[in-house]
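I'm opening a fresh page for this one. Let me put the structure up and jot down what I look up.

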Amino acid sequence: MSISKAVIMAGGFGTRLRPLTMELPKPMVPIANVPMMEHIVQLLKQYGMDSVLAVLYYHPDAITTHFGDGSAFGVSIEYVLAAADYGTAGSIKNAESYLRGGRFLIISGDVLTDFDLSAVIEFHLERKADATILLTRASNPLQYGIVITAPDGKIVRFLEKPSWGEVFSDTINTGIYILEPHVLELIPPSREFDFSKDLFPLMLQRGDKLYGYVADGYWRDVGNLSEYQQAHFDVLGGSVSIAIPGERKGNVWLGKGCTIGRNVEFRGMVILGDGVTIGDGCIIESSVIGSQSCIEPAAQIYRSILWNGVTVGQAAFLDADVVGNGVQIGAHATVMENVFIADRCRIGEHATLHPNIKLWPDKHVEPYAIVARSMIQEEKWARELFTDARISGTSNAEMNAEFAARLGTAIGTALPIGATVVSSRDPDPTSRLIKRALVAGLLSSGINVEDLQTTPIPQTRIATHTRGAALGFHVRRSFRNPNQTDIVLIGSDGRDISTEGTKKIERYFYGEDIRRVPFERVGQLRYPERQNESYLANYLQLLDAERIRQRRFRILVDYSFGMAISIFPGILGNLGCSVLAVNGYIDPYRASTTAADEDNRREISSIMRSLGYEIGFKIDPGVERIALVDDRGYWFSSMRLLTIVTALFLESNRHRAPFTIAVPVEATSEVDMIAARYGVQVIRTKNSHAAMMEATRDQRVLFVGGTRGGFIFPEYSTATDGLYTVGKILEMIAVTGFALSELDTQLPKRYQARRAIHCPWHRKGAVMRQLMEWSASYRRDLIDGVKVFTDDDCSILVTPSPGSSEFMIVAEADAEDRATGLVEMMAGLVEQWRKDK
């Protein structure tokens, strides 16, 4: 087979499989009564790879005890134990001394697959590749690394755990690789280094022979509890070809020494391990029963997976559950769907376990007890916790005090004892409840908290950075959905917390191996004084306040019943502005609905025209974004506002050119046209606040403009701040002498049309793949979605929505009808692609 050694990556924690993996490494979790890693060993042996190296980290003894030297499985197995979590490629570098003999194959020990490995090896040899990645197609590729290849299989782009805007194909990385031994020289020793994030991008940059092979067959990453259940259903349904121990008789696989009572009904495919006893009158449907388990008379088990040594009492009922080793379920007990019971739990007779709950090892449920957990919460947080740096959930349901306290302890456990966290919230009562629960969890894990209380998030970001805190968080009523509450986590630099940080918190949150400190080390809660005064001083120091005062602006400010009213009137007074305030008090229940907002804007337009105010600003309740109305009473769209603010910035900073500005890929080319006049470079970012903040890491970037009314001035902050944006606009108008209405008529004008197209989630990846194929001959940007440029200076941006089953199509042209026509043309293609198989 030309493979000197097969490497099994067997160091995974199995965090999302808890509580099943509390005492067991993920590769040892059974599929059809056989550890997942054993299925992998059998696959390798099937294709002639009998020299195996297992890379271990978490609970290694369970693996070495089961497999020994491999002789019992017809292979030779060696082991290497990582001293630390060095990442996927780093752990292979740690085993370099075992791999110098020739080309080797790498495969994860916690996947289920029946791929033809000989085919990918042949492909690798034919291409004389340095590395080959085995690929497959997925209906929902979001959680995997996406690989884009040329027709000959050479990889042209690699995206690790992409956002929907980066899902340019449904071809995903399976984590199975063939590498030539010299590739190991590219991996630095004793440091975290990942194949997808580090090694493969480096090889692409170097121009190495990096190929992808799309395999036929079955593959599933058994990454969470629902995937674990689905893997079993696929086995029982015959979707995957694996070895099942025992002898098949009809629709039942029987292990050695099984005892089957009278009138037992087996429905669907059923797998019984060795020494299983099934009592009289039982019904077993589409289930797996582990060895030495005893099912007493009249019990009913549907679509469930029972591990070894389980006892199910007389007339007990189970439906779509997973039951760990040595669990005892009493007579007449009812275990409803999607219950996960870890090892050695005891469920008393007549007890009832409600759906969607988990029991950790050694728990005891008393007879006749009813165990119930929030079904909503378990469904929600079992899938994912963070969306970027934000956690969102239904207020006081998914997002409740119990959840927040648990999250606080997880955050605290991820930080060193004695670290400081800055906290704040908006005026919403649920936000107050959630913030207090979060603080309690942090304190209990030995973290000090500096509570800014009711403070806008831009101030919290600045305070987190300037006060030297390890982390910050802000709780708010969601502006996306007023029935939800958001928790936003802030890194020590004031930007969003990193992905690595969120993954670490998730590990503790799902694992529940959290830190509780002794009472004398409980964290301290402090309330910093003079926070507003500090913010005001910094604000005024960075503006040309005197120039603004000389201009004597007459402005209108709509505070949107938000927190800006607590500090901004004093700032505007200091700047010498004459101000008419609208909606100038805090009321969390009057967050503007779309209808109310439209009525409010019409009223403000009338005021602007009749009273002769120069500029009107609407500050969003969270104080991050603004909207702007001019002396004509004309409200600028968020795209036009970006053009205007960009023009003001470039003109008032022309003496600093050349420099760079950044805007999202969705922004109109009006920005590029204006920037060209000043010799300023424009870089494009993804369509998110997080991407805008990341752009400020480039020291050449002096301005980041958003498409939703948010602007970043890196000299002041690394995030959007609506109050500073207002001050900066006033300063730039004072410096340039421009009038907004006149500026609007002088600047270039492009037209955008947009349309949302429904697309089922499972078809999104396929649509993106066909879009990539269709657009291959065009000039295009692949920053966030696919942006195609036509020969007549138009563009079409197609982006899959991250939160809904839709694609957003945005077309831009010099004429409105041309933009509309492009949108309709692309909408027709998307509708066609979503139906194609």
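My entries below go from a buried aspartate to ring pairs and then ring-charge contacts.

First, the ground rules: this is a predicted model, where local features need pLDDT of at least 70, side-chain atom pairs count only at pLDDT 80 or more, and totals for chains, interfaces and linings use all residues. Residues are numbered from 1 along each chain as its sequence is written, and side-chain values use heavy atoms, with hydrogens and water left out.

Entry: Asp-496. I asked whether Asp-496 is buried or exposed. At 18% relative accessibility, Asp-496 counts as buried (under 20% relative accessible area; exposed is over 50%, partly exposed in between, with a 1.4 Å probe and protein chains only). Its side chain makes a polar contact with the side chain of Arg-461, at 2.9 Å (a pair of N or O atoms within 3.5 Å, one able to donate a hydrogen and the other to accept it; residues adjacent in sequence count only if both atoms are side-chain atoms).

Entry: ring pairs. I found 23 aromatic pairs in the structure (ring centres of Phe, Tyr or Trp, its six-membered ring, within 6.5 Å; planes under 30 degrees apart are stacked, over 60 edge-to-face, the rest tilted). Phe-67 and Phe-73 have ring centres 5.0 Å apart and planes at 50 degrees, so I logged the pair as tilted. Both of these residues are buried.

Entry: charges over rings. I see the charged end of Arg-554 over the ring of Tyr-613, 4.4 Å from its centre (CZ of Arg or NZ of Lys within 6 Å of the ring centre and within 35 degrees of the ring normal). Arg-625 does likewise over Phe-479, at 4.3 Å.
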